[in-house]
Structures are given as structure tokens and as C-alpha cells.
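User: I would like to go through the helix packing, the sheets and the symmetry of this model. Please give the reasoning behind each label.

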Protein chains: 2
Amino acid sequence: MPVFLDTTQSDFETAFAELLSAKREDSPDVDDIVAKIIADVRARGDEAVLELTSKFDRLDLNPEGMRFTDAEIDAFCAQVPDAERAALEQAAERIRAYHVRQMPEDQLWTDADGATLGWRWTPVSAAGLYVPGGLASYPSSVLMNAIPAKVAGVERLAITVPTPDGAVNPLILLAAKIAGVDEVYRIGGAQAVAALAYGTQTIAPVDKITGPGNAFVAAAKRRVFGKVGIDMIAGPSEILVIADADNDPDWLALDLMSQAEHDESAQSLLITTDAAFGRAVAGAVDKRLETLERRAIAGASWRDFGAVITVRDLDEAAALSNRIAPEHLELCVADPDALSEKCTHAGAIFLGQWTPEAIGDYVGGPNHVLPTARSARFSSGLSVMDFVKRTTLAKMTPDALRAIGPAAETLAKSESLEAHGLSVTARLEKLNR
Amino acid sequence: MPVFLDTTQSDFETAFAELLSAKREDSPDVDDIVAKIIADVRARGDEAVLELTSKFDRLDLNPEGMRFTDAEIDAFCAQVPDAERAALEQAAERIRAYHVRQMPEDQLWTDADGATLGWRWTPVSAAGLYVPGGLASYPSSVLMNAIPAKVAGVERLAITVPTPDGAVNPLILLAAKIAGVDEVYRIGGAQAVAALAYGTQTIAPVDKITGPGNAFVAAAKRRVFGKVGIDMIAGPSEILVIADADNDPDWLALDLMSQAEHDESAQSLLITTDAAFGRAVAGAVDKRLETLERRAIAGASWRDFGAVITVRDLDEAAALSNRIAPEHLELCVADPDALSEKCTHAGAIFLGQWTPEAIGDYVGGPNHVLPTARSARFSSGLSVMDFVKRTTLAKMTPDALRAIGPAAETLAKSESLEAHGLSVTARLEKLNR
């Protein structure tokens with residue numbers, strides 16, 4: 001049973017605060033192991049990666065076998081049925097069309113003092129994308145990570161995907177091919193992250209690493225951060241549905257379960273203005289949990305972390321939503337656009353009853369890599385911006401230096417940075433001679 | 001003596017690689033101490049912060065004394081001489097004018113399938129800015145961190161600045177006031193970072209923490225990352241000057257020293273097309289090092305990490321610059337704009353001989369918080385973007401769902417996520433009834 005809360009109850013604030021602070025993830029502390037793996041890969045390169053792949057993935061490779069050849073990729077791709085291929089292509093096209101609009105623009109202007117100022121965006125040269133193997137090996141995630149990188153103009157995009165016991169998911173390779181990935185390696189774990197960050201004899205180092213992974217991968221990404229850029233460290237998935245009574249309880253039950261089925265630590269929340277409707281949705285969830293393939297996972301998530309919250313009105317719903325800062329926010333109300341304006345902290349908003357969250361996971365267009373664990377308060381989903389960086393530009397004329405140089409001299413002096421000041425003074429002296 | 005390299009030398013590649021990989025910073029491992037401090041502040045709040053402030057800053061406060069009152073701030077600000085005040089105000093105005101242009105735009109459009117898509121930017125609600133005390137207490141850094149936050153629309157901006165033995169730098173308070181900072185606390189170290197991230201009885205928690213600091217502050221920022229957002233972890237400063245022979249050696253010597261005087265671990269590099277000019281600059285540096293106030297620091301940096309590299313032509317210079325990915329890049333050549341186009345990895349570029357880097361530290365307009373240690377390969381300087389986040393928007397109509405829903409069903413099935421698929425199927429069934 002999920003918890004049932006009501007903002008009119010006297011103990012609501014306590015119960016809601018408890019819900020917000022509930023620790024859903026219990027990551028094992030693998031930092032020491034990961035530190036050793038990274039040091040080993042830095043010291044021994046391919047040799048270390050191959051030993052670790054043999055140990056963890058039960059797969060013996062030689063250096064030449066680490067990378068999928070084009071022929072291998074084509075052969076696996078040929079196994080994918082037409083329907084899946086068409087779906088991946090449609091998804092890729094829509095994701096690309098969305099992300100193309102994210103390309104930021106350069107600016108350059110000259111101000112009243114005669115200073116020319118601006119900035120220029122350039123792509124990261126090389127990026128690496130970690131793709132999990134096994135159960136959580138999602139071709140949609142390949143599209144969501146690779147397409148923004150390629151739209152940004154990343155020249156070299158490498159994927160690592162473990163193939164435990166040699167098992168390959170052809171859809172991963174097809175998604176990589178559709179997205180324009182340049183290199184695919186059959187390695188995984190912390191050793192793959194280390195290889196991408198520091199390079200080996202076979203794998204050239206990259207500048208940025210993105211993509212989801214288990215505790216080892218997450219710890220490795222944290223450790224190589226600084227040497228390379230990383231995206232966020234993703235936590236378990238979440239959805240918040242805000243709904244009035246004018247909805248089909250079964251639809252919302254399925255929306256809630258589509259996050260719950262990811263992970264026992266996932267969280268599915270419903271906020272509604274109608275207590276009876278909330279109970280109806282909970283009933284529909286129970287019914288679906290009788291037959292869902294992943295009912296064990298979804299049921300545990302719903303039981304341990306699910307909640308149905310009744311509110312007085314939608315303003316109250318928006319206020320609670322902003323405290324939750326959900327990864328996914330579905331607004332199933334009469335005027336979702338108006339409510340959306342009030343929801344300022346959310347990774348992605350799905351407007352109206354015809355927009356189930358699952359559309360956003362696959363083919364909507366926006367990215368499905370989104371901030372979890374309340375981090376939508378300060379961060380955004382993956383985008384083209386993650387694969388570009390800004391160089392600021394400044395160019396003074398003699399007149400501009402005359403106008404603003406003296407302030408720099410004064411401030412340099414106040415900070416006891418004499419050479420800073422003198423570098424301006426020397427030039428101004430020449431001008432005033 | 002800095003190293004002198006020449007790309008025509010047979011051992012150049014080895015020597016340059018060594019220069020690139022030189023470990024300039026030897027951060028003490030303070031992680032265990034910092035973990036304890038954070039746990040203590042989380043458990044005991046104000047009490048822990050006050051004890052640690054007494055211990056490390058030799059300053060005994062009660063909870064009410066942690067925050068500067070408006071009257072205190074005004075009294076300190078009144079001590080600032082007019083020239084400094086005017087310089088800070090001019091700098092603030094220019095920094096604000098530059099950063100206002102960085103505000104990203106919302107987008108919303110409807111595509112051919114009838115799906116309405118887009119995104120919306122919103123500010124972080126509350127941000128904290130760490131300001132170091134003592135020697136590296138720079139009012140210019142207050143402006144550079146606080147102004148982008150306020151331009152972004154951050155409602156609550158809090159500063160922490162340690163005041164060892166009670167010593168207050170009035171310029172810090174004036175810069176905070178000019179920038180529109182809302183709260184200033186006289187605390188520092190890991191305990192200040194912990195207080196900002198987790199909150200205490202006196203200090204409300206923030207969503208994002210930026211600003212430079214020592215090893216303890218850096219370790220604390222790493223640890224609270226995830227609970228709050230952080231900016232980069234800054235390393236020692238760097239400058240690369242690319243120059244032809246048509247420059248005043250003394251000007252460039254001062255530009256090189258203006259980074260070297262920051263820190264013994266700073267790095268100042270000169271790339272020139274003319275070996276004799278390179279030697280002339282080195283000579284000018286030696287001369288300045290006889291009299292500079294901070295000659296001990298600047299001299300050590302120049303001796304241990306400085307380099308003068310002679311190249312065949314400017315294309316070679318640009319290629320080396322891109323491998324260095326400098327924090328600051330000064331282009332003192334006949335056509336700096338043309339060379340700038342080829343320099344794709346740099347935090348900030350200063351174009352032409354009238355643009356000493358120090359202008360960018362204070363009054364140019366662009367931010368002086370920039371990526372160090374080669375991280376300009378994948379990251380950007382501080383900007384308004386650090387204080388906003390993006391919410392993606394998607395709204396399907398029945399027609400849009402008909403057009404793209406089936407692809408989502410197919411992909412959900414291929415990923416064994418049944419509820420994802422059913423959430424689309426249930427809606428399509430209604431439409432097809």
C-alpha cells in the first residue's frame with residue numbers, strides 16, 4: 001500500500017517531509033574497488049581492461065576484439081525486425097529535430113566604450129557514452145545520449161557496452177548506427193569508464209563521458225570527473241502525476257506503473273484534488289499489479305515509495321510539486337498549460353491526458369535523461385549544451401582601454417595583485433605618452 | 001628558468017607532453033576531515049558551525065552574530081574609498097551588461113505530427129556563494145559569482161566569507177551589496193559549505209553553491225554535489241600568450257606575471273613564432289621579477305611551470321593551444337580574430353595587444369571564473385546558465401498520439417517495459433473505439 005496523505009490533515013507537513021527525505025537508494029560503497037580498477041587501467045591499459053572483462057563479463061577478448069567491426073555491427077543490425085527498426089528511426093528523427101533547436105548561438109558586439117565582447121560555442125572533440133548491458137540495456141538511451149552529441153558536432157563518439165558471456169543486444173548496435181556513433185567497444189564497468197577517460201593502447205581518451213550505469217560506473221564517473229566532463233549521476237526514476245477527477249484512473253495507474261516498473265527504488269506519486277479519484281487510481285494500480293510482467297518490481301516500488309496526496313486546489317498541487325522537483329511531471333488537468341506555468345522545478349513536463357510519460361521516454365523528442373532525486377531544483381536534462389562549451393571573447397581598442405583600464409588598475413591594487421595592475425598601466429603609459 | 005621548447009627540435013613532442021601532464025597541484029587529502037565536518041553540521045547545525053568557527057577562525061560568535069546585519073554592512077561599506085567604490089561600480093555595470101545577454105530563451109512549437117514541444121528556463125531559487133577569507137579574498141570574484149546569479153533571477157543569494165580573528169574586508173561587503181546579495185555570513189571552510197547545502201537553524205539551505213576555496217572547501221563541494229549543484233572545482237590559474245615579434249616584450253612579461261603572481265602553482269606559457277622575441281620576453285620577465293611585490297610567488301611559478309615555445313607558424317600555435325586548452329588565451333598577433341577562429345578549446349580569449357588578461361579579471365565584462373587544468377576541452381566559464389535550469393515540455397493531441405504512439409509501443413516492448421507500452425495502448429484503444 002502506498003501512503004495516502006491529505007493536506008488538510010494536521011500531520012501532513014511531517015508526513016510530506018518524511019516522503020521528501022526518504023532514502024530510496026542504498027548504493028553499496030564500491031569506491032575503493034573502483035579506485036583500484038582505475039589505477040590499474042591507467043597503469044596497464046588494454047591488458048587491465050581485458051583481464052577485468054574476463055573476470056566480470058566472463059568474456060575473453062584480445063585487443064583487436066574489443067571494438068565491434070563495421071561488419072559485425074552490420075550483421076547484428078540485420079537481425080533487427082523491420083518494426084523495431086522503423087520505430088528506432090522514427091524516434092531518432094524526432095529526437096534530432098528537437099535537439100537541433102537547442103544549438104546555442106554565438107554573440108559578438110561592440111559596446112559604448114569601444115570594447116568588442118562576445119562568446120563562441122564549440123563542440124567537445126570526443127565523447128564517450130556508457131551503455132549498460134543486461135536488463136537495463138536500453139536502445140532508447142543510446143539515441144538520447146548519442147543524438148545530442150552528434151547534433152552538437154562532436155567529431156568522435158565512442159560507446160562502451162558490456163556483453164556479459166558475449167551476449168549482444170542488436171538493438172543497441174542499431175541505435176548506435178542510426179545515431180551516428182563512431183566506435184563501439186564491448187567492455188563495461190569501471191574499467192570502461194577508466195579506458196574512456198585515460199585511454200588505452202586501443203581506445204583513445206575522450207573529453208566527456210555520459211550515460212547511465214550501476215554503482216561501479218557511477219563511482220568511476222565521479223572519480224574521473226575533472227580529468228573529463230561527466231553528465232549527472234542518475235538516481236532511480238520518479239514520476240509525479242497531478243490530476244483532477246476528470247481522468248481515466250486506469251490510464252494514470254499505467255503512467256504511475258511505467259516508472260515503478262523500472263526499479264524497486266523508483267517513486268510514483270499522485271497528487272489529486274479529489275480524494276475519491278485518488279482511491280480509484282490506487283485501485284486501478286492494484287488491478288494492473290495482478291498481471292503486469294514486472295509486477296514484483298513495480299509492486300515493491302509502489303508499496304515502499306508510492307503516495308497519493310489529496311490537495312485543496314491546484315495551487316497547492318504546484319507548490320508541493322516544486323518542493324518535490326520531480327524528474328517527470330504529468331499534468332492531467334483541464335488547463336495543463338496554466339498549471340505548468342506554476343511548476344518551476346521539474347525535469348520534464350507532460351501536458352494533458354494524451355501525453356503519457358512513456359511518449360517522452362521514446363519518441364516525443366525531448367531527452368529522457370533527466371535530473372532525479374530533487375536535483376531539478378538546480379539542474380537540467382541532457383541536451384546539446386552538454387556537448388558544447390563557451391569561449392568568451394574580449395577585444396579592447398586604445399580608447400576602450402583608456403575608458404576602463406583605470407578601474408582595473410584600482411581593483412588590482414586593492415587585491416594586492418601588482419602585475420595585474422602594471423599590465424594595464426604599461427599600456428596606458430604608452431597611450432598617454 | 002622556464003623551459004624553452006621549439007617545435008623543430010626532435011624531442012619536442014616528449015617535452016611538450018611532459019609540460020601538459022605536469023602535476024602542478026598537490027592537494028592534501030582532507031576528505032576524511034571534511035566528511036566529519038559535514039556530518040557534524042548536519043547533526044548539530046549552528047552549534048557545530050560556531051564551534052568550528054571558533055576553532056579555525058579564532059572567532060567566537062553566537063547564532064545571531066553569524067549574519068552581518070544591514071547596519072554592519074553599511075558601516076563597513078562606508079570605509080571604502082571613493083575610487084575603489086567607483087571602480088567596483090563600473091566593473092559591476094559592465095559585468096551585468098555582458099551577462100544579461102546570456103539569458104537563454106524559451107521555445108515552444110508544434111510539429112507536423114501535431115505534437116507541441118519546447119522548453120522553459122527557470123532560475124535556481126536559492127544560491128550560496130563561497131568567498132575565501134584572507135589573502136585570496138577578492139571582491140572581483142564576488143561580482144563575478146553574484147551578478148550572473150542575480151541576472152538569472154535567483155531570489156535568495158547568500159554569501160559565506162570567513163573573517164579569521166574577526167578581520168573583515170570591507171570591499172567584499174561592498175561588492176556583495178552592489179551585486180544585490182541578500183545574506184552575508186561570517187563563516188568559512190567546509191562548515192560553511194555544509195551549512196549552505198544542508199541548512200542550519202540560522203541558515204536556510206540553498207540549491208546551488210559556487211565560488212572558489214581551499215582544499216577543504218573544494219572537498220566539501222565535491223561531497224555535497226548531488227544534494228545541491230556546484231560549479232567547477234577550480235585549479236591554479238593559467239595563461240597562454242601567443243605572440244608574434246611585433247609586441248613590447250615588457251607588456252607580455254607583465255601579462256605572464258599577472259597569472260604567475262596568483263599562486264606558485266599557476267602556469268604562464270608563451271608561444272611565439274620568433275625565438276629571439278621569446279628570449280626577449282623571458283628577459284623582461286626576469287627584470288620585472290627583480291621588483292614585483294609578489295616576486296617570490298611569481299618567480300616560483302615561472303621557474304617551475306613557465307615555458308617559452310617557438311613554433312614555425314600560427315597554425316602550429318593554434319594546434320598546440322588546443323592541446324593545452326588554456327584558461328586564459330591572449331592573442332597578440334597581427335590578425336587576432338583570424339587566429340581566434342582556430343583556437344577551439346579555451347576558457348577566455350583576449351584579442352590583440354590592447355587587451356591584457358587583467359582587463360578580463362575585473363572590468364571587461366566576461367566572467368573571470370573559467371575552466372582550469374585543461375577542462376576547457378569540455379566545460380565553460382561561469383555564466384547565467386549556471387543559475388538556471390531547463391524544463392522540457394511535451395503535449396500530445398489525439399492525432400499526435402496516433403502518429404507516434406505505435407513507435408513508443410514497439411520500443412517499450414523491445415525493452416521489456418510493459419507498463420510503458422500499455423500506457424500508450426490504453427489511450428490508443430480509446431481513440432480507435
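Analyst: A first definition, for a helix that lies across a sheet: contact means heavy atoms within 4.5 Å. The model is predicted. H5(B) lies across E2, E3 and E14 of chain A. H5(B) runs at about 40° to E3(A).

User: What makes the sheet with E2(A), E3(A) and E14(A) an open one, and what is its strand order?

Analyst: Nine strands form this open sheet, in the order E2(A)-E3(A)-E14(A)-E13(B)-E12(B)-E9(B)-E10(B)-E11(B)-E1(B). Its edge strands are E2 (107-110) of chain A and E1 (3-6) of chain B, and each pairs on one side only. The pairing is mixed. Neighbouring strands are turned by 15° against each other on average, direction ignored.

User: How do you know that E3(A) and E14(A) pair?

Analyst: Two strands pair if there are at least two bridges between them. E3 (residues 116-123) and E14 (residues 388-395) of chain A have eight bridges, in the antiparallel sense. A:Leu117, for instance, has A:Ala394 in E14(A) as its bridge partner.

User: Which strands does H11(B) touch, and what is its direction against E10(B)?

Analyst: H11 (residues 275-288) of chain B packs on the sheet and touches E1, E9 (238-243), E10 (267-272) and E11 (307-310) of chain B. Its direction makes about 150° with that of E10(B).

User: What is the order of the sheet that holds E2(B), and which are its edge strands?

Analyst: This open sheet of nine strands reads E1(A)-E11(A)-E10(A)-E9(A)-E12(A)-E13(A)-E14(B)-E3(B)-E2(B), with mixed pairing. Its edges are E1 (3-6) of chain A and E2 (107-110) of chain B, each pairing on one side only. The twist averages 15° from one strand to the next.

User: What makes E2(B) and E3(B) a pair?

Analyst: The cut-off is at least two bridges. E2(B) and E3 (residues 116-123) of chain B have four, in the antiparallel sense. B:Gln107 stands opposite B:Trp119 in E3(B). On this sheet, H11 (residues 275-289) of chain A touches E1, E9 (238-243), E10 (267-272) and E11 (307-310) of chain A. The direction of H11(A) makes about 150° with that of E10(A).

User: Why are H5(B) and H7(B) called oblique?

Analyst: H5 (residues 82-100) and H7 (residues 170-179) of chain B pack at about 40°, with their axes 10 Å apart. Angles under 35 degrees count as roughly parallel, and 65 to 115 as roughly perpendicular. The angle of about 40° fits neither class, so H5(B) and H7(B) are oblique to each other. Their crossing is right-handed.

User: Which residues make that contact, and how many are charged?

Analyst: B:Glu84, B:Arg85, B:Leu88, B:Glu89, B:Ala92 and B:Arg96 in H5(B) meet B:Leu171, B:Leu174, B:Ala175, B:Ile178 and B:Ala179 in H7(B). By class there are seven nonpolar, no polar and four charged residues.

User: Where do H5(A) and H6(A) stand by the same criteria?

Analyst: The axes of H5 (residues 82-100) and H6 (residues 139-152) of chain A come within 9 Å and cross at roughly 35°. The crossing is right-handed. Among the residues in contact are A:Leu88, A:Ile95 and A:His99 of H5(A), and A:Leu143, A:Met144 and A:Ile147 of H6(A). The contact has 11 nonpolar, one polar and one charged residues.

User: What is the geometry of H16(A) and H17(A), and which classes of residue meet there?

Analyst: H16 (residues 398-414) and H17 (residues 418-432) of chain A pack at about 145°, with axes 9 Å apart. H16(A) passes H17(A) in a left-handed crossing. Contacts include A:Leu401, A:Gly405 and A:Glu409 of H16(A), and A:His420, A:Val424 and A:Leu428 of H17(A). The classes are eight nonpolar, five polar and three charged.

User: How do you know that the two copies are related as by a two-fold axis?

Analyst: Chain A can be laid on chain B by a turn of 180° and a shift of 0.0 Å along the axis, with an RMSD of 0.0 Å. The two copies are thus related as by a two-fold rotation axis. In chain A, the C-alpha nearest the axis is that of A:Pro104, at 4.2 Å.

User: Why do you say that the copies meet through the same surface?

Analyst: Because 100% of the interface residues of chain A are also interface residues in chain B.

Note on methods
Residues are numbered from 1 along each chain as its sequence is written. Chains are lettered from A and ligands numbered from 1 in the order in which they are written. This is a predicted model: local features need pLDDT of at least 70, side-chain atom pairs count only at pLDDT 80 or more; totals for chains, interfaces and linings use all residues. Side-chain values use heavy atoms; hydrogens and water are left out. Axes are lines fitted to C-alpha atoms, for helices over the stretch in contact, and angles run from 0 to 180 degrees between N-to-C directions. Helices (H or I, at least four residues) and strands (E, at least two) are DSSP runs, numbered from the N terminus. A crossing is left-handed if the near helix is turned anticlockwise from the far one by less than a right angle, and right-handed if clockwise. Ala, Val, Leu, Ile, Met, Phe, Trp, Tyr, Cys and Pro count as nonpolar, Asp, Glu, Lys and Arg as charged, and the others, Gly among them, as polar. Copies are superposed by least squares on the C-alpha atoms of residues with pLDDT of at least 70 in both. Angles under 35 degrees count as roughly parallel, over 145 as roughly antiparallel, 65 to 115 as roughly perpendicular and the rest as oblique.
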